[in-house]
Amino acid sequence: EGVGSGIVQCASLPLGEEGLGWSRRGCEVVTAGRDRTTCRCQYLASFAILASPAPVQDHVALHIITLVGVSVSLVGLAVAVATFALCCSVARETRVMHANLCLSLFLAQLLFVTGISSTSHQVVCALIAASLHYLFL
């Protein structure tokens, strides 16, 4: 169904099935307007209306901006960790706490940059996702 020039789809997240993921099976768009969409699904689950203004495209410029931004952040976090490690005027507990926070963010961003395209193997993808989730906590 179209909304303006975009694409609207109704989907559910069926529970208890192998390969958990959004599925359009059993769901349909009843009405789609500028400010309201109505879906009908045949069973009870978690539901969502998936909307995209246009087909999603991979932009090289966004990839470059992400790499530059994360690289600058990694440098800043490395400087912060070094500062907390070498600065003795701050209370030890505060210094250790801040150093651990910066180190966790550093590792998370490094894993994000190196592992974001490792989605071809489901186990590796799940391990990267779990590690990112843990590091960003």
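Hi everyone, this is a short tour of a few residues in two helices of a predicted model.

Some housekeeping: residues are numbered from 1 along each chain as its sequence is written. Because the model is predicted, local features need pLDDT of at least 70 and side-chain atom pairs count only at pLDDT 80 or more, while totals for chains, interfaces and linings use all residues, and side-chain values use heavy atoms, with hydrogens and water left out.

Let's start with V68, in helix α1, residues 60-86; helices here are DSSP runs of H or I, at least four residues, numbered from the N terminus. V68 is partly exposed at 49% relative accessible area, that class lying between buried, under 20%, and exposed, over 50%, with a 1.4 Å probe and protein chains only.

Now to helix α2, residues 92-115, where we find R95. Which side chain of opposite charge is nearest to R95? That is E93, 8.5 Å away, and R95 is buried yet has no salt bridge, meaning a side-chain nitrogen of Lys or Arg within 4 Å of a carboxyl oxygen of Asp or Glu. Lys and Arg count as positive, Asp and Glu as negative, and His and the chain ends are not counted. The R95 side chain does reach the backbone oxygen of F84, at 3.3 Å.

Beyond neighbours within four places in sequence, R95 contacts F84, C87, C88 and V90, contact being heavy atoms within 4.5 Å.

Last stop: C102, also in helix α2. C102 counts as buried because its relative accessibility is 12%. With the same neighbours left aside, C102 touches L77, A80, V81 and F84. The C-alpha atoms of C102 and A80 are 6.9 Å apart, across 22 residues of chain.

Conventions
A polar contact is a pair of N or O atoms within 3.5 Å; within protein, one must be able to donate a hydrogen and the other to accept it, and residues adjacent in sequence count only if both atoms are side-chain atoms.
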